[in-house]
Each structure stands twice: as C-alpha cells, then as structure tokens.
Amino acid sequence: MKVLVVGGGGREHAIAWKLAQSPKVHKVFVAPGNAGTARDPRLSNLPVTDIDELADLAEREKVGLTVVGPEAPLAAGIVDVFRARGLRIFGPTRAAAQLESSKAFSKAFMQRHGIPTAAFEVFSNAAAAHLYVDQVGAPIVVKADGLAAGKGVVVATTLAEAHRAIDHMLGMGAQLPSADGQMARVVIEQVLEGEEASFIVISDGRQVLALATSQDHKRIGDGDTGPNTGGMGAYSPAPVVTPNVHARAMQDIILPTIHGMAREGTPFTGFLYAGLMIDRHGQPRTLEFNARLGDPETQPILMRLKSDLLDVLLHATAPLSSPSSSPESSTLDLLELQWDRRVALGVVMAAPGYPAEPRLGGVVTGLPAERDDAVVFHAGTRLGDEGQVLTSGGRVLCATALGDGVRQAQQRAYELLAPIQFDGAQYRRDIGHHAIKR
C-alpha cells in the first residue's frame with residue numbers, strides 16, 4: 001500500500017517513520033515534509049500543500065490511506081474533499097475539527113454535554129472583555145478562538161498581562177478569524193490548578209482506542225517559566241495519569257465527547273487529543289481539545305508503540321464503498337495496542353528568538369544516526385541547495401530516546417542532542433521533571 005502523510009513538522013516525521021515500519025507499506029509520501037523526511041530513504045517528500053492538489057496526488061499515485069498531521073488542513077476541510085472523491089483518509093471533517101479550530105465552539109460543546117472544564121465567557125468586543133477581566137481579576141486565562149499554532153493561550157498572572165492579551169488577540173482578526181467566519185473572538189476562563197497531561201485516543205466516530213499517555217512541557221524555560229510555546233518536550237507514559245484518572249478521563253471526557261459529537265450529527269473520526277488538568281484529588285478537567293496528534297507528544301508515543309500503526313488506522317477508516325464502513329460493524333474496539341514497557345522522552349531544540357520571533361536559516365550540524373532506541377525527529381528544517389540541513393521553523397528538532405525509567409530516558413535524550421549544533425539553539429534542560437519528582 002502507498003500511504004500519504006500530510007504535513008511537514010515533527011509530528012508528521014514521526015507518523016511517517018512509524019508507518020514506514022509496516023510490512024504492508026510499499027511507499028510513504030510526505031507532503032511537504034522536511035529535511036528529516038527528505039534524508040530518510042524510506043520516505044518521499046512532495047512539495048504539495050494545496051488540498052485539491054493533494055487529492056489529485058492521492059488519486060494519481062493510488063494512495064491507499066492518507067493521514068493528516070496538522071490542524072490547518074483539517075480546519076480547511078481536507079477530509080471532506082478526500083471523502084467526496086472516494087479517497088480513504090484519517091482525520092475529522094471540517095465540522096468535527098471545530099473542537100480545535102474554535103475554542104468558543106469547544107467550550108460551548110463541553111457545557112452542553114456536561115464535560116468537566118473551566119468556567120468561561122466568550123467575547124468579540126474588546127471593551128466588554130476588558131471590563132469582565134477587571135471584574136473577575138487575575139490570574140486568568142485568555143485564549144484566541146481560532147487556530148494559533150499552539151501559541152494562542154496566555155495564562156495571565158496580572159490584570160495588565162490579561163489586558164495586553166485581549167488587545168493582541170482581538171487585534172489579530174485578519175490572522176485568526178473564527179472557524180465559522182465570524183470576527184475574532186477570545187475565550188476568557190478560570191485558571192485550573194493541578195498537573196497537566198495529554199490524553200489522546202483514536203476514534204472511528206463511535207469506538208475509541210486510547211493511546212499511551214504523555215505529558216507536554218509548554219513553557220519556554222526550565223521550571224515551567226516564560227511564555228507558552230507549541231511544546232518544548234514530552235515524555236510517555238505520564239505517571240500522573242493513574243488507572244483511576246485514566247478511567248475518569250474516558251468516562252467523563254472522551255466518551256461523552258465522541259457520543260455527543262455523533263448525536264449532534266458531526267461524528268468525530270481521527271485522533272482526539274484532550275489536554276487535561278488533573279487536580280490533587282485525581283479529578284481530570286479539560287483544558288482544550290485538539291483534533292489531531294499532539295506535537296511533541298507524538299514522537300515519544302510512537303517510539304513506544306509496538307503495534308503496526310497502519311493496521312490500527314485501517315481499522316479506523318473502513319473504505320467508503322465497504323459495508324464495514326458502517327459504525328455498527330466497527331472493529332476498532334477489538335484491537336489491543338502493544339507498547340514498549342520503557343519510557344520515551346523527547347527534547348525539542350528551538351531556533352533563537354522562539355516563540356516570539358524565531359531567527360531561521362541556521363545550518364544544523366552534528367546530527368547523529370538513527371538507532372533503535374534513539375531518533376532525532378525533524379520539525380522546522382529544510383534541505384539547502386548543497387544538501388545541508390537548515391532551520392526553517394521555530395521548533396527545529398526533537399531528540400527522542402527510550403530508557404528503563406524517566407531518568408534514563410532523559411539522560412539518553414540529552415546525550416542524543418549533545419553533538420547537534422546550530423546558531424542560537426535553545427532547549428530546556430529539565431524535560432520530565434514532573435515525573436522524576438513523583
């Protein structure tokens with residue numbers, strides 16, 4: 001089978017890397033890909049990003065399955081386009097992807113279905129938003145309603161910071177329009193206390209299959225300091241997700257979401273990511289939904305996955321012409337994923353100036369060879385005219401390694417990135433610290 005992976009970041013490199021390991025895969029296209037996928041002889045980059053051109057490519061190359069990595073093409077309706085042309089694709093429709101593409105839609109959905117989350121209000125008028133913040137005080141969370149590449153959330157510790165966030169986000173209407181085409185909006189919500197974790201499942205619209213748990217590190221600096229980023233590292237599994245927390249997350253959050261979306265006529269197929277805040281009593285509440293795999297959580301999760309990813313996704317995407325495409329005949333719930341018992345930990349190397357204004361174009365040297373227990377996944381990279389690897393995005397690489405415990409996985413990941421150099425490289429030195437402290 002030929003497979004197409006849409007996207008060009010670290011998540012897509014990891015997905016393509018894992019799919020290429022399947023004995024059933026003949027070829028893996030990555031569109032547009034990055035320097036890491038370009039250098040892997042098992043993968044083929046294609047410089048295509050337009051949705052209709054991607055569908056043409058899938059038809060021309062007789063691609064058996066397309067997997068969508070990033071949120072932007074999902075929000076733009078790539079799944080709808082592919083399905084209309086009878087092409088097999090894994091991901092949510094444009095309507096279902098609103099769980100991520102519109103924070104306002106997501107919060108209202110959770111409210112309708114009794115899914116635990118923070119109290120919130122939605123504003124499109126800056127004056128009203130400022131007045132509300134003055135009334136409730138800080139700390140408080142301000143979120144851009146539209147897609148913001150993981151950087152549209154400000155946890156404001158002061159009123160001044162909250163007011164700046166409101167002005168910035170409502171002033172970005174041209175860049176961050178709401179998913180339904182309305183003017184820019186912000187969601188303002190209470191701060192939840194506890195420890196965060198990433199809870200990701202595969203859904204075919206009715207059945208769900210949970211992936212291994214993980215924990216992301218959003219802040220730029222050690223000790224969880226500084227501004228939020230798209231993610232500076234992650235590890236799997238996350239000890240904070242105990243069996244009891246896992247059961248609560250499935251019962252109170254995941255299943256009500258999948259069933260609620262189906263009842264509202266927008267069944268959710270694809271990767272559903274619930275960002276959880278788990279309080280000291282083990283009660284999880286939903287910070288946000290994503291309609292795709294997390295990045296950088298994907299890298300350590302797929303390092304640990306021993307099952308054939310292609311097999312799993314084929315179970316979740318019955319061909320449109322097949323009788324098995326009926327939800328009643330789904331077999332996703334019959335699968336049992338096999339996981340490496342070891343811990344996987346990934347450390348992101350970012351460009352100088354990230355997340356505010358990353359400086360790009362640096363030459364990357366010292367990249368180590370791939371090993372069974374250690375891989376450097378590329379994110380913001382491209383090949384130069386002379387074949388050198390250049391930085392092309394804020395998050396450049398994710399050095400990911402397996403170890404018998406968190407400390408060993410952490411040590412191996414940092415040893416893996418030690419020889420890698422590019423001007424101004426920055427990375428956190430404490431990825432995994434929450435698990436080590438437990």
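The paragraphs below lead from the overall form of this predicted model to its nonpolar cores and then to some individual residues and peptide bonds.

The protein chain contains 14 helices and 23 strands. Its radius of gyration is 21 Å, close to the 22 Å that the globule rule gives for 438 residues, so the chain is as compact as a globular protein of that length. Taken along its principal axes, the C-alpha trace spans about 60 × 55 × 45 Å. Of the 438 residues, 57% are buried, and among the contacts between residues at least 6 apart in sequence, 70% join residues that are at least 24 apart.

Turning to the surface, the accessible area of the protein chain comes to about 17,500 Å², and 50% of this belongs to carbon and sulfur atoms. The chain carries 42 positive and 47 negative charges, and the mean positions of these two sets are 3 Å apart.

The interior can be approached through its nonpolar cores. In soluble globular proteins, nonpolar side chains tend to be buried together. Here the largest nonpolar core has 46 residues, and those with the most contacts inside it are L54, I78 and I254. Both helices and strands supply this core: the elements that give two or more residues are the strands β1 (2-7), β2 (27-32), β10 (195-204) and β16 (269-278), together with the helices α3 (51-60), α5 (78-84), α7 (103-112) and α10 (243-263). The largest share, seven residues, comes from α10. For a view of the packing around one of these residues, I78 may be taken as the centre: leaving aside its neighbours within four places in sequence, I78 is in contact with V6, I51, L54, V68, P73 and I89. Apart from this core lies another, of 38 residues, which includes W17, A20, V67 and F271.

The backbone also deserves a careful look. Most residues other than glycine have a negative phi, and most peptide bonds are trans. Against that background, a cis peptide bond joins A138 and P139, with omega at about 5 degrees, and P139 is placed in the loop between α8 (126-136) and β7 (140-144). A cis peptide bond also joins S236 and P237, where omega is about 0 degrees; P237 lies in the loop between β15 (233-236) and α10.

Positive phi values are found at K62 and D224, neither of which is a glycine. For K62, phi is about 55 degrees, and this residue lies in the loop between α3 and β4 (65-68). Since exposed means over 50% relative accessible area, K62 counts as exposed, because its relative accessible area is 69%. For D224, phi is about 60 degrees, and the residue sits in the loop between β13 (219-221) and β14 (225-228). D224 has a relative accessibility of 28%, and therefore counts as partly exposed.

A last stop is A126, which is found in helix α8 and, at 27% relative accessibility, counts as partly exposed. A126 and I166 are 40 residues apart in sequence, while their C-alpha atoms are 6.8 Å apart in space. Once its neighbours within four places in sequence are left aside, A126 is in contact with I166 and L170.

Technical notes
Residues numbered from 1 in each chain as written. Predicted model: local features only at pLDDT ≥ 70, side-chain atom pairs only at ≥ 80, totals over all residues. Heavy atoms only, no water. Helix = DSSP H or I, 4+ residues; strand = E, 2+ residues; numbered from the N terminus. Rg over C-alpha atoms; globule rule 2.2 N^0.38 Å. Buried < 20%, exposed > 50% of the residue type's maximum accessible area, 1.4 Å probe, protein only. Contact = heavy atoms within 4.5 Å. Areas by Shrake-Rupley, 256 points an atom, 1.4 Å probe, with all protein chains shown as cover. Lys, Arg positive; Asp, Glu negative; His and termini not counted. Charge placed at Lys NZ, Arg CZ, Asp CG, Glu CD. Core = buried A, V, L, I, M, F, W, Y, C linked by side-chain atoms within 4.5 Å.
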